[in-house]
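Welcome, and please load the model in your viewer. Could you keep the sequence panel open beside it as we go?

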Amino acid sequence: LEELMDNSKKLLKGLKELGIPMIVTEQYTKGLGPTVQEICECMGDSYHPYEKLTFSGICTEEINAAVKALGKKNILVCVLQSVIDLKAEGFNVLLVEDCIASRKPKDKDIAVKRAMGEGAFITSAEAALFELTCKNPPSKAFTARKTCSLSSRKSICISNPSCNTCRILLTMTSVTSDETPNTAVGRYSVPPTARICPTRMQ
């Protein structure tokens, strides 16, 4: 549970710092209670929950309308039924695997496999934030990275050589003389420990 909370807080802080719109849902608040305080605090002013009684978020008309009003096609979600229905609605769905849990580990494994079968992209909190920071101005990206304590050691973003953020990430890494990146666009000498930026999956 501690790891789940840490990953969830890291992801939420990063999304908030990057200005990514968030829609919060709560399952049967009266019976199950509200969102835990630690999560609410991470969201700050973004915490305006929609209550739902259905397993799928978008089966609740108000939530469905809120999602569509965002005008986005890429959606980060944390539960299976919402994944299935969002895919059916034509959204690109990224399932943040280390921010979900189940009472039985096997149930989670089965749900993740089902989500993959439905066409969802499986990612982690850190990978999702790395991808998002690569698409933001360098100053905003590094503020988010610092806020979320994302490690940059031995990490190289090579997915988009024309991206200022990617170039800065290259200069931040510890490289030896034979691992120095080539400045020509699209050609880098990448050390064995480098991470490929998650944006390559697009």
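This tour moves through the structure one selection at a time.

**Colour by confidence.** Start with the pLDDT colouring, since this is a predicted model. The average pLDDT over the protein is 75, and 66% of the residues score at least 70. Which elements have the lowest and the highest mean pLDDT? Helix α9, residues 164–172, is at the bottom with a mean of 36, while α6 comes out at the top with 95. Now select residues 152–202, where the pLDDT is below 50. Even so, beyond near neighbours in sequence, that stretch has 84 contacts in the model.

**Select α5 and α6.** Next, show residues 80–88 (helix α5) together with residues 105–117 (helix α6). How do the two axes cross? They come within 10 Å of each other, at a crossing angle of roughly 5 degrees. Because of that angle, α5 is roughly parallel to α6. Turn on the side chains here: from α5, Leu80, Val83 and Ile84 meet Ala111, Arg114 and Ala115 of α6. Sorted by class, this contact between α5 and α6 has 5 nonpolar residues, 1 charged residue and no polar ones.

**Select Lys73 and Phe91.** Where does the charged end of Lys73 sit? Look at the ring of Phe91: the charged end of Lys73 is over that ring, 5.0 Å from its centre. If you are also hunting for aromatic pairs, a search of the whole structure finds 0 of them.

**Select Leu4.** Go now to helix α1, residues 2–17, which contains Leu4. Add Asp98 to the selection and draw a C-alpha to C-alpha distance: Leu4 and Asp98 are 6.4 Å apart in space, although 94 residues apart in sequence. Which residues does Leu4 touch, once those up to four places away in sequence are set aside? Leu4 touches Asp98, Cys99, Ile100 and Ala101.

**Select Thr29.** The last stop is helix α2, residues 29–32, where Thr29 lies. Setting aside neighbours within four places in sequence, Thr29 is in contact with Pro34 and Glu51. Finish by adding Leu53: Thr29 and Leu53 are 24 residues apart in sequence, and their C-alpha atoms are 8.9 Å apart in space.

Conventions. Residues are numbered from 1 along each chain as its sequence is written. This is a predicted model: local features need pLDDT of at least 70, side-chain atom pairs count only at pLDDT 80 or more; totals for chains, interfaces and linings use all residues. Side-chain values use heavy atoms; hydrogens and water are left out. Rings of Phe, Tyr and Trp (its six-membered ring) pair if their centres lie within 6.5 Å; planes under 30 degrees apart count as stacked, over 60 as edge-to-face and the rest as tilted. A charge sits over a ring if NZ of Lys or CZ of Arg is within 6 Å of the ring centre and within 35 degrees of the ring normal. Axes are lines fitted to C-alpha atoms, for helices over the stretch in contact, and angles run from 0 to 180 degrees between N-to-C directions. Helices (H or I, at least four residues) and strands (E, at least two) are DSSP runs, numbered from the N terminus. Angles under 35 degrees count as roughly parallel, over 145 as roughly antiparallel, 65 to 115 as roughly perpendicular and the rest as oblique. Contact means heavy atoms within 4.5 Å. Ala, Val, Leu, Ile, Met, Phe, Trp, Tyr, Cys and Pro count as nonpolar, Asp, Glu, Lys and Arg as charged, and the others, Gly among them, as polar. pLDDT is the predictor's confidence in each residue, from 0 to 100.
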